[in-house]
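This report describes a protein model in terms of its confidence, its buried interior and its aromatic pairs. The sequence and structure are shown below.

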Amino acid sequence: MRSRPVDVPALVTAARDGSARAVARLITLVENADPALREVMAALAPHTGSAWVIGLTGSPGVGKSTTTNTLVAAFRERGLRVGILAVDPSSPFSGGALLGDRIRLLDHALDPHVYTRSMASRGHLGGLSFAAPQALRVLDAAGCDVILVETVGVGQSEVEIAALADTTIVLLAPGMGDGIQAAKAGILEIGDVFVVNKADRDGVNTTVRDLRAMISLGERTEAGAWRPPVEKLVAERGEGRDDVVAALDKHHAWLVEHDVLRERRIARAEGEIAAIALQTLRLRMTDPRRDDNLNELAARVVAGKIDPYAAADELVEAL
């Protein structure tokens, strides 16, 4: 079935004018890798680079969506336009997703200055979706001042968010063993602000103390280095929200003052470019029109006439 033609200039203009429908259509084009995507990205490029991207990660059940909800309220009180990109896990069988994060974000469902988009991870590891970087560009160009990116919540491997966000929040909760989990798999390294949610539970002070002790083991000692704070929060009631927002503001100011914000965004663009280039090469290598070449190389590898590295070199040279 042929897709309907896309009027990219009109769509981009409508998105910049605040049309939620146009923003939704653009992100759908991104998720579907539509042929018009290159034209869309070219049209959006001059309008990007102003949004503050905040990532939220943590174990399932720690309260990421509820924390997102309370942060949106804080930013809206400042009159800021907010975008939310909530990544949900996909079914390994159907590829679909429940997209349940929206349930906890209903407080802002009717606010025209809050745009919420749920995205399925579609099997992509690292807690995000492959299309997340381009979806961020759409929200940025559409005039969002702050974009909150909520990861899947799959456990200890969600470090990809650190490469995508300007500021990364790592959420923990007392009584979930997170004091130990935080020491694994680089979680301590990616956090710019640590938040112990559900702080009305027993054991919160122990969790905060243990977390601060572990953070201190990896602290940078050079002058002007950022020292991640640990804040308490009861997201469901908004208690401690102002302290969390103040910590976020302080980190953003530090990013700007030390020119780290620009460095992070350049690194983000490098990763985005590399991912697109690798995807393009992968598609070319598996192109049915080139299948004979790949098949022949594979047969030679099986016959022991050539090793896989040499075969790979030939395949790349043929491209």
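Is Trp 226 buried or exposed? Trp 226 is buried, with a relative accessible area of 13%; buried means under 20% relative accessible area, exposed over 50%, and partly exposed in between, with a 1.4 Å probe and protein chains only.

**Basis and confidence**

The model is predicted: local features need a pLDDT of at least 70, side-chain atom pairs count only at pLDDT 80 or more, and totals for chains, interfaces and linings use all residues. Residues are numbered from 1 along each chain as its sequence is written, and side-chain values use heavy atoms, with hydrogens and water left out.

The average pLDDT (the predictor's confidence in each residue, from 0 to 100) is 83 for the protein, and 80% of the residues score at least 70. Among the elements, helix 10 (residues 241–257) has the highest mean pLDDT, 97, and helix 7 (residues 178–181) the lowest, 53. Residues 123–127 have a pLDDT below 50; beyond near neighbours in sequence, this stretch has 13 contacts in the model, a contact being heavy atoms within 4.5 Å.

**Overall organisation**

The secondary structure of the protein comprises 13 helices and 7 strands. Helices (H or I, at least four residues) and strands (E, at least two) are DSSP runs, numbered from the N terminus. Of the 319 residues in the protein, 44% are buried. Of the contacts with a separation of 6 or more, 72% are between residues 24 or more positions apart.

**Interior**

A nonpolar core is a set of buried Ala, Val, Leu, Ile, Met, Phe, Trp, Tyr and Cys residues joined through side-chain atoms within 4.5 Å. The largest such core has 46 residues, and Val 23, Leu 85, Val 138, Leu 139 and Val 149 have the most contacts inside it. Leaving aside neighbours within four places in sequence, Val 138 is in contact with Val 23, Leu 26, Ile 27, Val 30, Met 41 and Leu 44. Apart from the largest core lies another of 24 residues, including Val 62, Ile 84, Leu 171 and Val 245.

Strand 2 (residues 82–88) is largely enclosed by the rest of the structure, because 7 of its 7 residues are buried. On one side the buried residues are Val 82, Ile 84, Ala 86 and Asp 88, and on the other Gly 83, Leu 85 and Val 87. Strand 2 runs parallel to strand 4 (residues 146–150), to which 5 bridges join it; two strands pair if DSSP finds at least two bridges between them. Gly 83 stands opposite Ile 147 in strand 4.

**Aromatic pairs**

Rings of Phe, Tyr and Trp (its six-membered ring) pair if their centres lie within 6.5 Å; planes under 30 degrees apart count as stacked, over 60 as edge-to-face and the rest as tilted. This rule gives 2 aromatic pairs.

| Pair | Centre to centre | Angle between planes | Class |
|---|---|---|---|
| Trp 52 and Phe 75 | 6.0 Å | 75 degrees | edge-to-face |
| Trp 226 and Trp 254 | 5.9 Å | 45 degrees | tilted |

Trp 52 lies in strand 1 (residues 52–58) and Phe 75 in helix 4 (residues 64–77), so their pair ties together parts 23 residues apart in sequence. Trp 52 is buried at 8% relative accessible area, and Phe 75 is buried at 0%.

Trp 226 lies in the loop between helix 9 (204–217) and strand 7 (230–232), and Trp 254 in helix 10, so this pair ties together parts 28 residues apart in sequence. Trp 254 is buried, with a relative accessible area of 12%.

Helix 10 also contains Lys 250, which is exposed with a relative accessible area of 58%. The C-alpha atoms of Lys 250 and Trp 226 are separated by 9.9 Å.
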